[in-house]
Amino acid sequence: MDDTDCVIAGGGPAGVMLGLLLARAGVRVVVCEKHADFLRDFRGDTVHPATMRLLDELGLGARFAALPQSRIEQIAFPTGDGGRIVVGDLRRLRTPHPYIAMVPQWDLLNLLTEAATEEPTFTIRMRTEVTGVLRDGDRITGVRVRTADGGTDEIHAALTVACDGRWSTVRRAAGMRPREFPVPIDAWWFRLPRYDGEQLPGLLPAAGRGAFLVVIPRTSHLQIAYVGRKGVDAQLRARGVEAFRRDVAAIAPWLAHRVDALTGMDDVKHLDVRVNRLRRWHLDGLLCIGDAAHAMSPVGGVGINLAVADAVAAATRLAGPLRRGRVSPAELDRVRARRALPTAAVQSVQRAMHRNLVEPILAGRRAGPPAPVLTLARRLPQVTLLPAYLIGIGPRPEHAPAFARRPATSA
């Protein structure tokens with residue numbers, strides 16, 4: 001007999017959301033998270049309008065609203081005269097939450113986990129690292145784990161779900177390899193001070209020679225992505241923090257008096273940007289979702305929200321079969337069929353932005369979007385709805401299944 005109906009590798013947004021939804025359907029679910037807590041910097045902290053609407057449907061909207069957060073309502077590029085051109089205006093969206101919420105990911109994960117533990121069939125095992133998969137012939141029947149005390153264990157399940165990220169251990173152990181697409185960029189994350197009472201209008205991109213910055217206002221600090229050419233991390237670190245400070249100040253002079261907050265290159269975290277996806281998201285007894293199925297570029301900050309949408313689609317289609325005791329490969333493939341098109345569409349947009357926006361900036365040919373795009377946004381502000389919709393809602397948004405909906409509860 002299986003230990004559980006479903007074992008989920010990875011306690012990120014996709015894994016915890018899937019665990020919550022399945023538990024609300026009465027499915028026995030175990031989530032394995034290798035860390036002792038969720039406190040890690042520079043994870044994706046954007047929660048988009050479609051995800052906030054989902055939280056409302058789950059009865060968690062008030063709890064989410066009580067979390068410390070800042071809001072991004074516009075995406076704008078600076079102009080040469082000191083002004084700014086809005087290219088994406090989320091305020092135009094017809095949705096209950098027309099903005100992106102910047103929330104520490106550990107707060108979101110704690111909220112979802114607390115809601116999930118209210119369900120008797122949900123278990124989360126912290127400090128439990130999935131190290132491999134169990135097999136019965138060609139069927140995946142669970143996972144091997146390293147436990148908190150350094151020992152080993154096995155968890156047998158009718159379904160294993162890989163939610164363990166772009167370097168997925170489960171995917172690798174199962175012999176599944178994604179198709180890789182060429183990516184010209186990497187990103188380096190760091191934080192700088194935000195002054196008390198400082199009013200910032202939204203997401204603030206700024207371009208310079210060979211790199212550009214995206215400044216994300218947070219409640220207590222500025223979270224900054226430095227985007228440069230792939231493969232130069234060793235060079236940046238060899239040049240040292242003083243050179244890096246000069247680079248940042250040259251791109252965004254208004255940050256020059258803050259860069260001393262960087263005490264060393266250890267304060268700058270490198271993200272090896274990947275864009276890839278599996279052709280087939282499942283084997284018998286195994287499903288990959290989120291970054292384990294499709295790594296996304298940080299352009300647009302949509303990775304978390306696509307992963308959450310995968311989890312909703314998976315729970316909606318698999319809760320019934322899991323309650324009956326077994327999920328067929330055909331039922332697993334229905335999840336891929338539901339999510340493959342929006343995934344491919346978003347990745348195609350990201351790759352086009354790499355070619356037509358990012359690479360010309362890195363080559364020094366432009367300092368922002370092409371001039372016709374800026375002219376159109378200036379003369380016809382209504383067009384800023386399209387980028388806002390693609391980023392904030394996205395193709396084929398998912399809604400909470402009926403079995404998981406709850407009335408709103410207070411924080």
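Asp89 is buried, at 7% relative accessibility. I start with that residue, and I should say at once that what we are looking at is a predicted model. Asp89 sits in strand 6, which runs over residues 84-89. Where does Asp89 make its contacts, leaving aside neighbours within four places in sequence? The partners are Glu73, Gln74, Thr384 and Ala388. There is also a long-range pairing to point out: Asp89 and Leu385 are 296 residues apart in sequence, yet their C-alpha atoms are 5.9 Å apart in space.

Now the chain as a whole. It has 11 helices and 20 strands. The radius of gyration is 22 Å, close to the 22 Å that the globule rule gives for 411 residues, so the chain is as compact as a globular protein of that length. Along the principal axes, the C-alpha atoms fill a box of roughly 70 × 45 × 40 Å. Of the 411 residues, 56% are buried. Taking the contacts with a separation of 6 or more, 73% are between residues 24 or more positions apart.

Next, the nonpolar cores. In soluble globular proteins, nonpolar side chains tend to be buried together. Here the largest nonpolar core has 76 residues, and Met17 and Phe64 have the most contacts inside it. Which element gives the most to this core? That is helix 8, with 10 residues. As for Met17, outside its neighbours within four places in sequence, the contacts are with Leu54, Leu55, Leu58, Leu112, Val308 and Ala311. There is a second, separate core of 32 residues, and Leu93, Phe181, Trp189 and Leu362 are among its members.

That brings me to helix 8 and its partner. Two packed helices are described by the angle between their axes and the distance between the axes. For helix 8, residues 303-324, against helix 9, residues 329-362, the angle is about 170 degrees and the axes are 9 Å apart. An angle over 145 degrees counts as roughly antiparallel, and therefore helix 8 is roughly antiparallel to helix 9. On the helix 8 side, the contact is made by Leu306, Ala309, Asp310, Ala313, Ala314, Arg317, Leu318, Pro321 and Arg324. On the helix 9 side, the residues are Glu331, Leu332, Arg334, Val335, Arg338, Arg339 and Val346. How many of these residues are nonpolar, polar and charged? The contact of helix 8 with helix 9 has 9 nonpolar, no polar and 7 charged residues.

Staying with helix 9, look at Gln350, which lies in that helix. Gln350 is buried, at 2% relative accessibility. Apart from neighbours within four places in sequence, Gln350 is in contact with Met296, Ser297, Val299 and Val302. The C-alpha atoms of Gln350 and Val183 are separated by 9.9 Å, with their positions 167 residues apart along the chain.

Helix 7 is next, residues 241-251. Of its 11 residues, 8 are buried, so helix 7 is largely enclosed by the rest of the structure. The buried ones are Val241, Ala243, Phe244, Arg245, Asp247, Val248, Ala249 and Ile251. What do they pack against? The list is strand 13 (185-193), strand 14 (204-208), strand 15 (211-217), strand 16 (221-229) and helix 6 (233-239).

One residue from that list of strands: Leu204 is in strand 14. Leu204 is buried, with a relative accessible area of 16%. Not counting residues up to four places away in sequence, Leu204 touches Ala76, Leu213, Val214, Val215 and Trp254. Leu204 and Ala252 are 48 residues apart in sequence, and 9.9 Å apart C-alpha to C-alpha.

Last, two backbone points to look at in the viewer. Most residues other than glycine have a negative phi, and most peptide bonds are trans. Arg127 has a positive phi, near 50 degrees, and is not a glycine. Arg127 is in the loop between strand 8 (122-125) and strand 9 (129-136). Is Arg127 buried or partly exposed? Arg127 is partly exposed, with a relative accessible area of 45%. The other is Arg396, with a positive phi of about 55 degrees. Arg396 is in the segment after helix 11 (385-392), and at 35% relative accessibility Arg396 counts as partly exposed.

Technical notes:
Residues are numbered from 1 along each chain as its sequence is written. This is a predicted model: local features need pLDDT of at least 70, side-chain atom pairs count only at pLDDT 80 or more; totals for chains, interfaces and linings use all residues. Side-chain values use heavy atoms; hydrogens and water are left out. Axes are lines fitted to C-alpha atoms, for helices over the stretch in contact, and angles run from 0 to 180 degrees between N-to-C directions. Helices (H or I, at least four residues) and strands (E, at least two) are DSSP runs, numbered from the N terminus. Angles under 35 degrees count as roughly parallel, over 145 as roughly antiparallel, 65 to 115 as roughly perpendicular and the rest as oblique. Contact means heavy atoms within 4.5 Å. Ala, Val, Leu, Ile, Met, Phe, Trp, Tyr, Cys and Pro count as nonpolar, Asp, Glu, Lys and Arg as charged, and the others, Gly among them, as polar. A nonpolar core is a set of buried Ala, Val, Leu, Ile, Met, Phe, Trp, Tyr and Cys residues joined through side-chain atoms within 4.5 Å. Buried means under 20% relative accessible area, exposed over 50%, partly exposed in between (1.4 Å probe, protein chains only). The radius of gyration is taken over C-alpha atoms; the globule rule is 2.2 Å times the number of residues to the power 0.38.
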